[in-house]
Amino acid sequence: MKPQLLNGSEAIALTINRLKVGVVSAYPITPQTKIVEKLAALRAGGQADFEFVRAESELAAASVVLGAAASGVRAYTASSSQGLLMMAEVLYNLSGLRLPAVMTCANRSLSAPINIWNDHSDVMALRDAGWINFFAEDNQAAIDQHVLAYYLAEKLSLPVMINVDGFILTHLSEPLILPTTAAIKKFLPNLPASANRLDPASPTTTGHLVGPTDFYRFRQKLDQDLLAAGPEINLAYDRWQRLLGRPGARPLGNGLIEWHGPRQAKTVLVAMGSVIGTLKTAADELNRSNQKIAVLQIKTWRPFPYDLVKKFLAKKQAIIINKAVSPGALPPLSCEVAAAVTNAGTKIIHAAAGLGGGDITVEQISRLVKRSTHPAGILYLN
Amino acid sequence: MREISLYGLGGQGIVTLTNILAEAAFRAGQKVQAFPLFGPERTGAPVTGFLRLDQKPIIIRQQITKPDIVIIIDDRLLTAHRSYVKLDPAKSRLLINSRQDKKMLSTLLGVPVKLIQICQPPADLGQAANLFVAGTIIKTYGLANLNNLRLAIRQQLADKTPAVIEKNLQAARLGYETPTT
């Protein structure tokens, strides 16, 4: 397959169309807009079969997706920032109802002060919503994660969110290979007719009131099923890579994490999303002068790959690059990594970078790695 | 790797210019990465396009602050918005659309005269002036050939009318054929 030059938004929209979704519903917000504009253009131009429901708000768009998914239809939406927050209650309902929806979050900061650029504040506000959450390193990863998302959502009855850094990836053009319809057909079965779907011919109730005993069971099951999704994500990832004829392209990686650099590295940069390419570049430069630096990419944020993170960070210095903070506490990524490496002999340095679209540079990372002392608490890079 | 920064004001087609150059270079067999940097999203605000070209895949994602080549399609950027223009006075080669003389531009930018080239799209090109500059750029820096550029324009402007596409193709050819000063 020959690569073509596409921006992230176009590539995601074209992939969603090839995934044969039945319903797309969205409300525009920067930097997600170009994704849903492209989907609307495909529909208007007769190149798509899905129904495009223009919603009056993100709350409505997510609700349309919920209704479609509950009726057994493959559904899609995308949002960012304040829009994602406005979807919040529906996102919890989608996972609680165990509906297989898929959405893209074109990650952006949260107001106030208002700022349209990238960081991970938006998704972190929804980190406990019970969704599988992927982070894309580049637009090729984003495309592949959208394909995996529908497979996993429908197999596990769990909603899946793909986090794609706003502007940095959504507005960036690079050579990309779109999956063919034939490859998708091989990988993704038709949406199974499930007993858990609303059908006017056979009326049932879903999402009704439950007491503490049943509620406890639902929450526990959702937690256990998300944790158990890790191996499923890896199986799906392997199968998709093999189907595309690219097994072994990234030997120290799977659907959950990827390791870049020498295995005997002394310092490991830990991060998620589009900053990974810059971190790899910094690590490669530093390693040319014998610095022994590696990069651990977290591709799957929920379920969090605790065991793998512990295995790769044991007895090393880990510098965690957070693109969101949790005022008054440790940043979200730092929390999980710190929990993962309990008793593993890991020295942790917490950094916050790229907030509100701040540029993260190789130079900044090199300086950070070379610092001889680190302050207690969080080091803000700017 | 070659790094190119393109500067203009909102509405002048900097994003389109960046994407068309990326497509042309991609067609010429290079690995490319192109992305915009927006200020507040409104007409007249500074807009930057970044373009990286290499023989191997490009993974770095940071903005370009020490470009090999700087394109400025409106010299008002050098006064009102000088702080937006990031360059390396020791190495960045500049192509500026300007009626001012090189000495003045050299003073405004703090770079040696010998790194500056000037192009002047004819006023009657209107909205197609950015494509005139595209022609000048590929000729001056060898990013692609004119045929690569023509195909890139046809692809990137596919949703425009045939008349608009033709006007842009002509502007690109004119830019390609007009020497810089």
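This is a short walk through a predicted model, moving from a sheet in chain A to the contact between the chains and then to chain B.

**Stop 1: the sheet in chain A**

Start by selecting β9, β11, β10, β13, β14 and β15 of chain A, which is the order in which these six strands line up in an open sheet with mixed pairing. Now color the two edges: β9 (257-260) and β15 (378-380) of chain A each have a single partner strand, so one side of each lacks a neighbour in the sheet. If you look along the sheet, you will see its twist, since neighbouring strands are turned by 25 degrees against each other on average, direction ignored.

Next, zoom in on β10 (residues 267-271) and β13 (residues 317-322) of chain A. These strands pair in the parallel sense over four bridges. To find your bearings, show A:Thr267, with A:Gln317 of β13(A) opposite.

**Stop 2: two helices on that sheet**

Add helix α10 (residues 275-287) of chain A, which packs on the sheet and touches β9, β10, β11 (293-298) and β13 of chain A. The direction of α10 makes about 165 degrees with that of β11(A). Then select helix α12 (residues 332-340) of chain A, which lies across β10, β13 and β14 (347-352) of chain A. Helix α12 runs at about 155 degrees to β13(A).

**Stop 3: where the chains meet**

Show both chains together: 15 residues of chain B are in contact with 17 residues of chain A. On the chain B side, α1 (14-27) and β2 (31-38) each supply at least two residues. Which of these elements gives the most? It is β2(B), with six residues. Color the chain B side by residue type and you should find eight nonpolar, four polar and three charged residues.

**Stop 4: a closer look at β2(B)**

Stay with this strand. Six of the eight residues of β2(B) are buried, so the strand is largely enclosed by the rest of the structure. Bring in β3 (residues 46-54) of chain B, which pairs with β2(B) in the antiparallel sense over eight bridges. Here B:Phe35 stands opposite B:Phe50 in β3(B).

**Stop 5: chain B as a whole**

Finally, zoom out to chain B, with its five helices and six strands. Trace the sequence and the pattern reads β-α-β-β-β-β-α-β-α-α-α. The radius of gyration of chain B is 15 Å, close to the 16 Å that the globule rule gives for 181 residues, so the chain is as compact as a globular protein of that length. Along its principal axes, the C-alpha trace of chain B spans about 40 × 40 × 35 Å. Buried residues make up 44% of the 181 residues in chain B.

Terms used. Residues numbered from 1 in each chain as written. Chains lettered and ligands numbered in written order. Predicted model: local features only at pLDDT ≥ 70, side-chain atom pairs only at ≥ 80, totals over all residues. Pairing = 2+ DSSP bridges. Axes fitted to C-alpha atoms, helices over the stretch in contact; angles between N-to-C directions. Contact = placed C-beta atoms within 7 Å. Nonpolar A, V, L, I, M, F, W, Y, C, P; charged D, E, K, R; others polar. Buried ≥ 20, exposed ≤ 12 C-beta atoms within 10 Å, placed from the backbone. Rg over C-alpha atoms; globule rule 2.2 N^0.38 Å.
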